[in-house]
Amino acid sequence: MLLDTASLYFRAFYGVPDTVRAPDGSPANAVRGLLDIITKLVSTYGPDEIVACWDDDWRPQWRVDLIPTYKAHRVVVERAGEPDVEETPDDLTAQIPAIRAMLESLGIPIVGAPGYEADDIIGTLATRAANPVDIVTGDRDLFQLVDDSRGARVIYTARGMSNLEVVTDETIITKYGIRPDQYADFATMRGDASDGLPGVAGVGEKTAATLLQQHETLAGILTAAENGTGMSAGVQKKILAAAVYLEVAPTVVAVARGVDVDVTPGTIAPMSEDRAAAARVLAEKYGYASALERYLTVVNV
């Protein structure tokens, strides 16, 4: 199980009341909520191993160099030579050390890499995995990793933890009319305002899907547009007008699959008495003791 960790702790922060506090009065809703999310995932899907994938760089410069608007609206402070500061509530920022400490206390490795987002770590580990993989995220971009033949599926959290959706090949084919291996090209054309990706003006999901059904890939669509075949004159004009964007956007949208990371996934297994005792001390300090007991009940069976 690969966790899109930031996606999950943001969901926890907004989903758990801010009245949840540690004994010293500091906020604890995100750390407690994240642990409850992990407990539900482990209980529901029964993974053997788990990794918390981390945004060492939430807005990599190599993506910004290609599309300067990439996540630009979320930047609070630009910093030369290191990741920009992302707009994040102060009460959530304050909980990041506790979140990391909590994960480490449970033996869940935190994996990131300089210059890469969690999506890229997930893409790399999912591609490398010899066994089936569950990717837990609220980000549709990771649908591009779904592959029934490899047992790679997405546990999609956008509808809430009480309404999780298991995304497989059939899900994507039914919902979008394309295969998972076409999803990155589909997302490139559709665009995503939340990531600062404009897409192709005037081309929505239906047109993008139709074009991929006819021409298989974005490269095939561009070739057809240049030749003036396989699409209406209006759509041809829109594709050609976006040629500069379409030259660089696929690299931005595609998750990296070859990041240099070395990780031993955490094993989901009963915790030793010493480790559980240390985890309880930390949980008391940071205000998630009840959530820890729920987790221990699940893993210690």
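So, glutamate 216: in this predicted model, Glu216 sits in the loop between H9 and helix H10, which runs 218-227. What is its phi near? Glutamate 216 has a phi near 75 degrees, a positive value in a residue other than glycine. For background, most residues other than glycine have a negative phi. Is glutamate 216 buried, exposed or partly exposed? With a relative accessible area of 39%, glutamate 216 is partly exposed, because that class covers values between 20% and 50%.

Now, who touches Glu216? One residue that does is glutamine 182: leaving aside neighbours within four places in sequence, Gln182 is in contact with Leu212 and Glu216. You'll find glutamine 182 in another loop, the one between helix H7 (169-176) and helix H8 (183-190). Its relative accessible area is 4%, so Gln182 counts as buried. So here we have a contact between loop residues, with glutamine 182 buried and glutamate 216 partly exposed.

While we're in this part of the chain, look at helix H9, residues 205-215, which holds threonine 210. Thr210 is partly exposed, at 36% relative accessible area. Where does phenylalanine 186 lie relative to threonine 210? They are 24 residues apart in sequence, and C-alpha to C-alpha they are 9.9 Å apart in space.

There's another positive phi to show you, at lysine 71. That residue isn't a glycine either, and its phi is about 55 degrees. Lysine 71 has its place in the loop between H3 and strand E3, the strand at 75-77. Is lysine 71 buried or exposed? It counts as buried, at 8% relative accessibility. So of the loop residues with positive phi I've shown, lysine 71 is buried and glutamate 216 is partly exposed.

Okay, stepping back to the whole protein. How many helices and strands are there? We have 14 helices and nine strands. The radius of gyration is 21 Å, close to the 19 Å the globule rule gives for 301 residues, so the protein is as compact as a globular protein of that length. Along the principal axes, the C-alpha trace spans about 70 × 40 × 35 Å. Buried residues make up 49% of the 301 residues. And if you take contacts with a separation of 6 or more, 66% of them are between residues 24 or more positions apart.

A quick word on the surface. The accessible surface comes to about 13,800 Å², and 51% of that belongs to carbon and sulfur atoms. As for charge, there are 26 positive and 43 negative charges, and their mean positions are 5 Å apart.

Inside, now. In soluble globular proteins, nonpolar side chains tend to be buried together. Here the largest nonpolar core has 55 residues, and those with the most contacts inside it are Leu2, Ile135, Met189, Ile239 and Leu246. Let's zoom in on one of those. What does isoleucine 239 touch? Not counting residues up to four places away in sequence, Ile239 touches Met189, Val200, Leu211, Ile221, Leu222, Ala225, Met231 and Leu246. Apart from the largest core lies another one, of 47 residues, with Leu92, Ile99, Leu103 and Ala291 among them.

That brings me to helix H5, residues 96-105. Seven of its ten residues are buried, so H5 is largely enclosed by the rest of the structure. Which ones are buried? Ile96, Ala98, Ile99, Ala101, Met102, Leu103 and Ser105. What they pack against is H1, helix H2 (29-45), E2, helix H4 (90-93), E5 and helix H13 (273-286). After H5 comes glycine 107, with a positive phi near 75 degrees.

Helix H6, residues 118-128, is mostly covered too, with nine of its eleven residues buried. Those include Asp119, Asp120 and Thr124, along with Ile121, Ile122 and Leu125. The cover over H6's buried residues includes strands E1 (2-4), E2 (49-53), E5 (110-111) and E6 (133-137), plus helix H3 (61-66). E2 and E5 came up a moment ago, among the partners of H5.

Last stop, helix H1, residues 5-15, where we find glycine 15. Buried or exposed? Gly15 is exposed, with a relative accessible area of 59%. Leucine 34 is 19 residues from glycine 15 in sequence, and 9.9 Å away in space, C-alpha to C-alpha.

Key: Residues numbered from 1 in each chain as written. Predicted model: local features only at pLDDT ≥ 70, side-chain atom pairs only at ≥ 80, totals over all residues. Heavy atoms only, no water. Helix = DSSP H or I, 4+ residues; strand = E, 2+ residues; numbered from the N terminus. Rg over C-alpha atoms; globule rule 2.2 N^0.38 Å. Buried < 20%, exposed > 50% of the residue type's maximum accessible area, 1.4 Å probe, protein only. Contact = heavy atoms within 4.5 Å. Areas by Shrake-Rupley, 256 points an atom, 1.4 Å probe, with all protein chains shown as cover. Lys, Arg positive; Asp, Glu negative; His and termini not counted. Charge placed at Lys NZ, Arg CZ, Asp CG, Glu CD. Core = buried A, V, L, I, M, F, W, Y, C linked by side-chain atoms within 4.5 Å.
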